[in-house]
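Colleague: I would like a close look at one helix in this model. Please take me through its packing, then through the loop that leads into it.

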Amino acid sequence: VLHGRWELAAAEAAYERAEHELRLAVAKQYPALRIGPSASRDGDGTTIGGALSLDLPIFDRNQGGIRAAEATRDAARARFRSVLQSALADVADATAD
């Protein structure tokens with residue numbers, strides 16, 4: 001009965017998206033390591049080598065982004081639960097009739 005309800009599917013998709021965005025915000029608080037090629041050209045010729053970059057988020061641990069993502073996720077979860085309970089109430093009313 002709940003399978004064909006588009007508003008329930010939309011609320012669930014919004015909740016899943018908010019959960020994914022929260023995971024991304026949490027991942028941004030950790031150091032990022034990047035490795036790749038490097039090339040430079042000067043008067044003597046071209047130098048090719050490797051590059052290594054490490055971003056250390058010492059002062060900015062993305063706490064504001066995490067809190068905002070948590071609030072968005074919690075609101076999406078509440079909306080999903082509300083739509084689910086409404087759908088279940090409709091089913092219970094139909095069963096009682």
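Modeller: Helices α1 and α2 run roughly antiparallel to each other, because their axes cross at roughly 160° and any angle over 145 degrees counts as roughly antiparallel. This is a predicted model. The two axes come within 8 Å. The crossing is left-handed.

Many residues build this contact. From α1 (6-27), the contributors are E7, L8, A11, E12, A14, Y15, A18, E19, E21, L22, A25 and V26. They meet G65, I66, A69, E70, T72, R73, A76, R77, F80, V83 and L84 of α2. By class, the contact residues divide into 14 nonpolar, two polar and seven charged.

Now α2 itself. The helix spans residues 63-96, 34 residues in total. From first C-alpha to last, α2 reaches 49 Å. That is close to the 50 Å expected at 1.5 Å a residue. Its buried residues are I66, A69, R73, A76, F80, V83 and A87. These buried residues pack against α1.

Take A76 as a sample position in helix α2. Its relative accessible area is 11%, and the cut-off for buried is under 20%, so A76 is buried. Setting aside neighbours within four places in sequence, A76 is in contact with A14, Y15 and A18. The residues A14, Y15 and A18 are among those that α1 brings to the contact with α2. A76 and A14 lie 62 residues apart in sequence. In space, their C-alpha atoms are 6.3 Å apart.

Next, the loop that leads into the helix. N62 sits in the loop between β2 and α2. The phi of N62 is positive, about 60°, although the residue is not a glycine. N62 counts as buried, because its relative accessibility is 18%.

F59 is found in the loop between β2 (45-55) and α2 as well. Here the accessibility is 83%. Exposed requires over 50%, so F59 counts as exposed. The C-alpha atoms of F59 and Q29 are separated by 10 Å. Along the chain, F59 and Q29 are 30 residues apart.

To put the pieces together: the loop between β2 and α2 holds buried N62 and exposed F59. Past the loop, α2 covers residues 63-96 and its buried residues pack against α1. Within that packing, A76 contacts A14, Y15 and A18.

Key. Residues numbered from 1 in each chain as written. Predicted model: local features only at pLDDT ≥ 70, side-chain atom pairs only at ≥ 80, totals over all residues. Heavy atoms only, no water. Helix = DSSP H or I, 4+ residues; strand = E, 2+ residues; numbered from the N terminus. Expected span 1.5 Å × (residues − 1). Buried < 20%, exposed > 50% of the residue type's maximum accessible area, 1.4 Å probe, protein only. Contact = heavy atoms within 4.5 Å. Axes fitted to C-alpha atoms, helices over the stretch in contact; angles between N-to-C directions. Parallel < 35°, antiparallel > 145°, perpendicular 65-115°, else oblique. Left-handed = near helix turned anticlockwise from the far one by under 90°. Nonpolar A, V, L, I, M, F, W, Y, C, P; charged D, E, K, R; others polar.
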